[in-house]
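Work through the exercises below with the sequence and the model side by side. Each task is followed by a solution in steps.

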Amino acid sequence: MDDKPTPSSLGDIDATVPTSNPESIAPLSVRSDADHVPHSHIGVHHAHSEALIHGHSATDIVTSMQTIQPSALTVEDAEDIPVGSVRLGPSEFAVTLPMDSRVKDYYERVIADASPMLKEILPGSARFTQMASSKRDSLLSKIHEIVIKLNNVAIHPDLNIVQHVSYEDSKLDREAEWAEYSSAKFRLLGWLIRVGCDHDLHVILAVSGDDKRRILERYLLGKGFKYTKPRAQLGGNMEISLQKDALSFAIHFDDSVRETFRPPSAVFVFDTSYKLESPAVQHMRTTYSRNGALLPVIWFLISNSCEHIERCLPPLPESERLGLLMQYTASLVEEVGDLQDDALNVCEDAEEILRFLSDPFAAWSLPIIEPLPLVSSDESGSTPLSSDEVVRGAQKRALEHDQDFDDYLLKRAKFDTQDTSQMTQSTKPPSHSLDHDLQSLEKNLVQMKAIHESEKNALQNELSQSLARLRQLEASLGDVQHRYESRTRELHKIRQERDKLIDGKTALEQKVEKQKEESLKLKEERVQLQAELEKTRQEIKDGGGPLSELELLREENRRLTAEKASLERKAEYEKNQAEYTREQYQTASRVAAQAGSELRQLRDEKESLARKVQGNAVQLREMNNKTDSLRHLARISELELILASRDDLLRKKEDELREIRKNRPSTRSTSTQPRSPKWATSSRPTSPGVGYNSNGNGNGNGNGNGLAGRGSALRFSSEMPF
C-alpha cells in the first residue's frame, strides 16, 4: 500500500523551503482574550536528524533503546550559525509559540517596571563600569530576577504569584483550562494529549523548580492522567510519572538521577533554565537513544521573548550577556508572540511532532525558525543602541497615548496664547481704557472656551465612533478567525478520516481479492469433481451387469438416505417442539403450585387473623364490663358519700331542733302536744316515714322499733332524687 501524504503530513512540508499552499488561508494576526485555538510555529536550526533516514539498511535497524558514546554530545562547529538563530545541540529542536494579548500586557509591565535598571546594565554603559563591585553584583542579581519573571510569564503567569495561589483538588479541570488559556506552551501540550492518547509514547517534561513541577503535575491530573504508582512512592529515586491510555508523561525538575517509568521517546523542555549539560541528562540521552542518535530534545519557546533571545545569544561573560539580553528584550517587546508567515495550526504541529516521535526513521521537517534581528559582537561594539532608545522602546506602549495627548495640549496652549496676544495687540487702540481691554480679553476667552468645547465634543464624538468601528472590526475579525480555525479543524478531521478509510479500503480490497481467488479455485475443483463423478456413474450404468445394478442400488440408497435425513430432521423438530411444550407445562405447573401454596398461606393468615379478632373481641367485652363495673362502683361510692353527708346534716338539724325545744318557755301552748296520732309506743313522737306499715310503727319490716324505722325512712328519703 502506497502512503499518500495529506497536506498536513510530513511529506508536503519541506525542511528548508516552505511550500506554499494556494488553497490555504494565512492565519489572521488577531489577538483576543477569547478562548480560541492559537497558531504556533515550529522550527529547527540543525539538521542532526537527517542521519536518521539516510544510509540505513534493513540490517541497521535496532531497538529504540541503545547506548551510544558520550562523545556524541559534543557539538562541532562544522558550519557557521547565522546571527540571531537558535543555538541547538545534536538532536535538539525548537518550537516557537505565540503569546496571548493579556499575557503580553503582563510581560510588558514587567519590562516597564524594570526600565530604570536597563540604563545601568546596557553594554558600554559608563555607569555600570564605574559601579562598585557590591552594587554591580546586586544589580546583576536583580536582573536575574527580572529574567526569571519574564520566563515565568512565558511559561505560566501564575508562577510570579504562586505564593498567593490556593490549590483545590476539586478544580483540577478548571486549572488545566486556565493553563491552556494563559500559556501557549500548555495549549500545545493539550493538543499533543488530545491527538496522541492512542500513541504508545513516554515523554519527559523538563522544568526547573518545585513550583513549575506542581503546576505541570496538577495540569496533567486535570487532563485525566493518573499516577503510575502511589504518589508517596514517586519523587525520590523514581520519577513522577502519569499515564492516560497509552500515553504517559514524566516530570523532571532537578538534576537528580531517577529511575524512569519506561524508556522515554523525547524530552519537552518548558524552562530554558533546565540544564541539559548535567551528567544525569547526558546519561539519559545516551542510554535511551534511537537509531544511533541521541534522545530528541524539543524546546518550547515563546517567539521573540526573553527565553527565545537567550537561546540565540553566543557564549559571553555574564554581565555582557545579561546586558545584551535585556537590550534585545526591550527592543523586541512589541514583537513578542508574533510568528513568521509560514506558521501552522497547533493541531497540525502536534500531529507532526507525534509523527516524528512515533516513527524512529522520521526527520524533523517543519519550517526553520527565522533568525532574530540581532547584531554580531563586532557590529554591536561599533553601533550600540543608546540607553534612552532602549528605555523608550520598553515604555513606548505604556506612554504612547499620554505623549500624544500632552503634545496636543502643548500645541493647543501655544496656539491659544499666540492668537490671544495678537488679537489683544491688534485690537487695542492706545486711547482705550483698561476696562475696555479687560472686556475684550474676557470676550476672547469666552469665544476660545466655546471653540475648545466644540472641538472637544467633536473629538469625543469622533473617538466614540472610532472605538465603535474598532470594536465592530475586532468582532468581525474574531468571527473570521473562529470560522477559519473551525474550518481548519474540520478539514484536519476529514483528512484523518479519509486516510483511515483509504487504509481500511485497501486492506478490505486485498482480503476480497484473496477470497475471490480461493472461491474460484474451489468452484473449479467442484465442477471438475462433479464431471468426473457423472462420467463414472454413466460408465457404470452403460456397462450393465452387476455393476449397473449396484449403481442403481447405490442411487436408491442415496435417495433413502436423503429421506431418512429429512425424517430425522422432522423428528428432531417434533422432539424440540415436545420438549418446548413440556418445559412450558412444567413452568405452568410450577406457577400453579406456587399460586396454590400462596393461597393456602393466605387462608392460614386469614384464620389466624380471625382468631386474633375473636380474642380481641372477648378482651374488649371484658374490658367494657370492667370499665362499667368500675364506673358503677365509683357512682356507688359517690352516692354513699352524699348519703353520709346528708345523714350528718340531718343529725345536726335534729340536734338543733331538740335544743330549740329545750329552750322554749313552759306555757300551756308550748306544753300542749300536737294532736297527731301516736304511731309508735315510744315516749318520743316520731315523724311518719316512708317505710311505715299497717302495724303502727315506722319500720317497714314490722319489728316495732321506732328508731330503726325512722333511720330507714331518713336514709330512704336521702337517696331519693330531688
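The exercises go from the whole chain to helices, salt bridges and backbone angles, and they use a predicted model.

**Exercise 1. The chain as a whole**

Task: State how many helices and strands the chain has, what share of its residues is buried, and what share of the contacts joins residues at least 24 apart.

Solution:
- Step 1. The chain has 17 helices and 9 strands.
- Step 2. Of the 722 residues in the chain, 32% are buried.
- Step 3. Take the contacts between residues at least 6 apart in sequence; 76% of them join residues at least 24 apart.

**Exercise 2. Packing of α1 and α4**

Task: Determine how α1 is oriented relative to α4, and describe the residues in their contact.

Solution:
- Step 1. Helix α1 covers residues 101-113 and helix α4 covers residues 133-155; they pack at an angle of about 180°, with axes 10 Å apart.
- Step 2. Angles over 145 degrees count as roughly antiparallel. Therefore α1 is roughly antiparallel to α4.
- Step 3. On the α1 side the contact is made by V103, Y106, Y107, V110 and I111, and on the α4 side by K149, L150 and V153.
- Step 4. Sorted by class, the contact of α1 with α4 has 7 nonpolar residues, no polar residues and 1 charged residue.

**Exercise 3. Length and burial of α10 and α11**

Task: Compare the span of α10 with the expected value, do likewise for α11, and list the buried residues of α10 and of α11.

Solution:
- Step 1. Helix α10 runs over residues 318-331 and has 14 residues, which at 1.5 Å a residue should span 20 Å. The end C-alpha atoms of α10 are 20 Å apart, in agreement with that value.
- Step 2. In α10, 10 of the 14 residues are buried, so the helix is largely enclosed by the rest of the structure. The buried residues of α10 are R321, L322, G323, L324, L325, M326, Q327, Y328, T329 and A330.
- Step 3. Helix α11, residues 346-358, has 13 residues and reaches 18 Å from its first C-alpha to its last, close to the expected 18 Å.
- Step 4. α11 is mostly covered, with 11 of its 13 residues buried. Those residues are V346, C347, E348, D349, A350, E351, E352, I353, L354, F356 and L357.

**Exercise 4. Salt bridges around α7**

Task: Place the salt bridge of D210 with R214 and that of D271 with K212 in the chain, and classify the burial of D210, R214, D271 and K212.

Solution:
- Step 1. The side chains of D210 and R214 form a salt bridge at 3.6 Å, N to O.
- Step 2. D210 and R214 are 4 residues apart in helix α7 (residues 210-222), which means that about one helical turn separates them.
- Step 3. Values between 20% and 50% count as partly exposed. D210, at 34% relative accessibility, is therefore partly exposed, and so is R214, at 30%.
- Step 4. The side chains of D271 and K212 meet in a salt bridge at 2.4 Å, N to O. D271 is in the loop between β7 (266-269) and α8 (279-287) and K212 is in helix α7, so the pair ties together parts 59 residues apart in sequence.
- Step 5. D271 has a relative accessible area of 2% and is buried; K212 counts as buried at 12%.
- Step 6. A network of salt bridges links D210, R213, R214, E217 and R231.

**Exercise 5. A salt bridge between distant parts of the chain**

Task: Describe the salt bridge of E92 with R311 and say whether these residues are buried or exposed.

Solution:
- Step 1. The structure holds 24 salt bridges. In the one between E92 and R311, the closest N and O atoms are 4.0 Å apart.
- Step 2. E92 lies in strand β2 and R311 in helix α9 (residues 306-312), so the pair links distant parts of the chain, 219 residues apart.
- Step 3. E92 and R311 are both buried.

**Exercise 6. Positive phi outside glycine**

Task: Locate S91 and D245, and classify the burial of S91 and D245.

Solution:
- Step 1. S91 is not a glycine, yet it has a positive phi of about 60°. S91 sits in the loop between β1 (39-43) and β2 (92-97).
- Step 2. The relative accessible area of S91 is 8%, so S91 is buried.
- Step 3. D245, also not a glycine, has a positive phi of about 60°. D245 sits in the loop between β5 (240-244) and β6 (247-252).
- Step 4. The relative accessibility of D245 is 60%, so D245 counts as exposed.

Note on methods. Residues numbered from 1 in each chain as written. Predicted model: local features only at pLDDT ≥ 70, side-chain atom pairs only at ≥ 80, totals over all residues. Heavy atoms only, no water. Axes fitted to C-alpha atoms, helices over the stretch in contact; angles between N-to-C directions. Helix = DSSP H or I, 4+ residues; strand = E, 2+ residues; numbered from the N terminus. Parallel < 35°, antiparallel > 145°, perpendicular 65-115°, else oblique. Contact = heavy atoms within 4.5 Å. Nonpolar A, V, L, I, M, F, W, Y, C, P; charged D, E, K, R; others polar. Buried < 20%, exposed > 50% of the residue type's maximum accessible area, 1.4 Å probe, protein only. Expected span 1.5 Å × (residues − 1).
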